[in-house]
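Q: Please take a close look at the cavity lining in this structure. Then move outward to the pockets, the helix packing and the sheets.

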Amino acid sequence: MAPRGPLTGTIQVPGDKSISHRSLMFAALAVGTSHITGLLEGEDVLATAAALRAMGADIERIGEGMWRVDGVGVGGLLQPKTALEMGNSGTSTRLLMGLVASHPITATFTGDASLSGRPMGRVIDPLAQMGADITASPGGRLPLMVRGLCPAVPISYTLPVASAQVKSAVLLAGLNTPGITRVIEPVATRDHSERMLRGFGATIGIEHTNHGRIISITGEAELTPQTITVPGDPSSAAFWLVAASIVPGSDIVVRNVGLNVTRTGLIAALRLMGADITELDAREVGGEPVADLRVRHAALTAIDVPPDLAPSMIDEYPVLFVAAAFTTGRTVARGAHELRVKESDRIAAMRDALEACGVPCEEFEDGLAITGTGGDAIPGGARIASKLDHRIAMSLTVAGLHAAKPVTIDDIGPVATSYPVFYQSLDALTQGTAA
């Protein structure tokens with residue numbers, strides 16, 4: 001990736017990946033026909049669609065980003081005839097494990113080399129408490145088999161680490177479990193599942209206590225079909241927010257970005273650094289806050305990133321590390337233990353990549369300290385291993401936009417899992433053809 005000059009114009013990012021997964025799952029459990037527009041059509045979401053089809057839902061693509069889902073009803077999932085292939089999608093795997101756990105079916109989950117290296121124990125533990133019989137590969141990894149129990153046992157489960165995926169898996173298992181299932185999260189995580197489940201008609205309770213949020217779901221629910229508009233993914237918008245901030249002369253608008261408060265940590269961190277980000281036409285779409293974001297190049301200053309922002313930007317840390325490489329001073333970004341068990345060890349991968357590009361880093365167990373260039377181009381000139389991780393590949397692409405020598409990325413194929421048109425959007429923004 002060689003420097004291309006300023007980014008200008010207006011683009012729209014793909015639909016939110018978290019909401020896209022959940023839209024398909026909840027529609028598949030509703031009784032009747034749901035319609036979804038703006039669905040992210042990356043490989044991860046398509047893996048969810050394929051698995052739900054294998055368990056009886058009728059799911060059809062009727063246009064770009066437009067899908068129709070005829071659901072089977074809660075409790076109506078069918079025994080899949082073959083293993084459910086999850087590709088690279090941890091979200092698909094963990095949430096679908098929750099669905100299967102309280103249905104009288106057995107499903108085997110498989111994935112690619114990257115996903116098969118990710119531990120699933122944090123999901124296995126609560127689902128086993130609910131009665132599911134789960135046989136995993138050594139280390140709690142894929143391939144694994146889930147034998148659901150119906151009726152399952154309602155539990156009250158305190159999350160040992162902040163994880164929206166684990167929370168959602170337990171709530172999804174609770175959908176088909178008699179009684180009330182509760183999840184206690186000491187640190188708030190993204191709340192798309194709670195918002196959307198309530199929208200589909202589930203009985204969801206949320207209580208704020210001194211010990212954190214308690215989310216309860218009343219089981220044996222009947223979900224009603226919905227018409228859903230998926231907002232733009234803030235995790236995908238993140239790359240353009242940082243790119244426009246660091247490349248001199250940039251001035252862009254990213255349309256229709258979801259601004260759920262549990263997802264806006266990166267925007268808060270960038271603003272603390274001095275980024276010029278303005279919200280335009282703030283509105284609500286399908287129960288989610290949305291706005292267009294105007295971003296202009298700005299001089300960035302190093303900060304100590306508040307650790308309490310971590311849950312609301314856990315997927316954005318790699319590109320935040322890139323922003324830090326162009327600040328004046330030394331940025332310390334910690335509180336992100338979860339990065340160790342993503343598609344790659346994102347802390348080690350980003351340290352290796354940035355150091356190879358000439359950026360001084362110090363690694364901690366839960367993050368990095370990065371000494372910036374004061375806004376000058378980084379040296380670059382390195383060949384980077386993406387580690388089969390889409391966010392590493394896209395983050396280093398952004399870094400290469402303001403590098404003295406080209407940055408080469410060994411494999412950009414994984415980008416298709418979450419942002420299939422990323423490089424087309426980059427071309428449009430740097431060639432002046434973005435609408």
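**The cavity and its surroundings**

A: Sorted by class, the residues lining the largest cavity comprise 6 nonpolar and 2 charged, with no polar ones. Note that the model is predicted. The volume of the largest cavity is about 40 Å³. The structure holds 1 cavity of 30 Å³ or more. Its walls are built from Pro 234, Ala 238, Leu 241, Val 257, Arg 263, Leu 266, Ile 267 and Glu 316. Two helices matter for this list: H8 (234–246) and H9 (265–273) each supply at least two residues of the lining. H8 gives the most, with 3 residues.

Next come the pockets. The largest pocket holds about 640 Å³ of space. Its lining counts 37 residues. Nearest the centre of the largest pocket lie Ala 162, Ser 163, Ile 314, Glu 338 and Lys 342. Helices H1 (17–29), H3 (90–101), H6 (164–175) and H12 (390–400) are the elements that give two or more residues to this lining. By class, the lining of the largest pocket splits into 10 nonpolar, 12 polar and 15 charged residues.

The second largest pocket encloses about 380 Å³. It is lined by 18 residues. Val 13, Pro 14, Gly 15, Leu 39 and Glu 64 lie nearest its centre. Here the class count is 8 nonpolar, 8 polar and 2 charged residues.

Return to two helices from the lining of the largest pocket, H1 and H6. Two packed helices are described by the angle between their axes and the distance between the axes. The axes of H1 and H6 come within 12 Å and cross at roughly 5°. This is why H1 counts as roughly parallel to H6. On the H1 side, the contact uses Arg 22, Met 25, Phe 26 and Leu 29. These meet Ala 164, Ser 168, Leu 172 and Leu 175 of H6. By class, the contact of H1 with H6 has 6 nonpolar, 1 polar and 1 charged residues.

Now the sheets. Strands of a sheet pair through backbone hydrogen bonds, either parallel or antiparallel. An open sheet of 4 strands runs in the order E5-E6-E8-E7, and its pairing is mixed. E5 (84–85) and E7 are its edge strands, each pairing on one side only.

Take the pairings of E8 in turn. E6 (residues 106–110) pairs with E8 (residues 141–147) in the antiparallel sense, over 4 bridges. Within this pair, Thr 106 has Arg 147 as its bridge partner in E8. E7 (residues 133–137) is also antiparallel to E8, over 5 bridges. There, Ile 134 is bridged to Val 146 of E8. E7 and E8 form a hairpin, with 3 residues between the strands. Gly 139 sits in that turn and has a positive phi of about 85°.

Another open sheet has 4 strands, in the order E9-E10-E12-E11, again with mixed pairing. E9 (156–158) and E11 (204–209) stand at the edges with a single partner strand each, so one side of each is left without a neighbour in the sheet. Neighbouring strands of this sheet are turned by 15° against each other on average, direction ignored.

At one edge of that sheet, E11 pairs with E12 (residues 212–218). The sense is antiparallel, and the pairing covers 6 bridges. Thr 209 stands opposite Gly 212 of E12. A helix also meets these strands. H7 (residues 192–199) lies across E10 (180–185), E11 and E12. Relative to E11, H7 runs at about 145°.

Back to the starting point. The lining of the largest cavity has no polar residues, whereas that of the largest pocket has 12. H8 and H9 each supply at least two residues of the cavity lining, while H1, H3, H6 and H12 play that part in the largest pocket.

Methods
Residues are numbered from 1 along each chain as its sequence is written. This is a predicted model: local features need pLDDT of at least 70, side-chain atom pairs count only at pLDDT 80 or more; totals for chains, interfaces and linings use all residues. Side-chain values use heavy atoms; hydrogens and water are left out. Two strands pair if DSSP finds at least two bridges between them. Axes are lines fitted to C-alpha atoms, for helices over the stretch in contact, and angles run from 0 to 180 degrees between N-to-C directions. Contact means heavy atoms within 4.5 Å. On a 1 Å grid over the protein atoms alone, a cavity is a set of points where a 1.4 Å probe fits but cannot get out, and a pocket is an open set with protein on both sides within 12 Å along at least five of seven lines; lining residues have an atom within 4 Å of a point. Grid points are joined across faces, edges and corners, and a volume is the space filled by probe spheres set on the points. Ala, Val, Leu, Ile, Met, Phe, Trp, Tyr, Cys and Pro count as nonpolar, Asp, Glu, Lys and Arg as charged, and the others, Gly among them, as polar. Angles under 35 degrees count as roughly parallel, over 145 as roughly antiparallel, 65 to 115 as roughly perpendicular and the rest as oblique.
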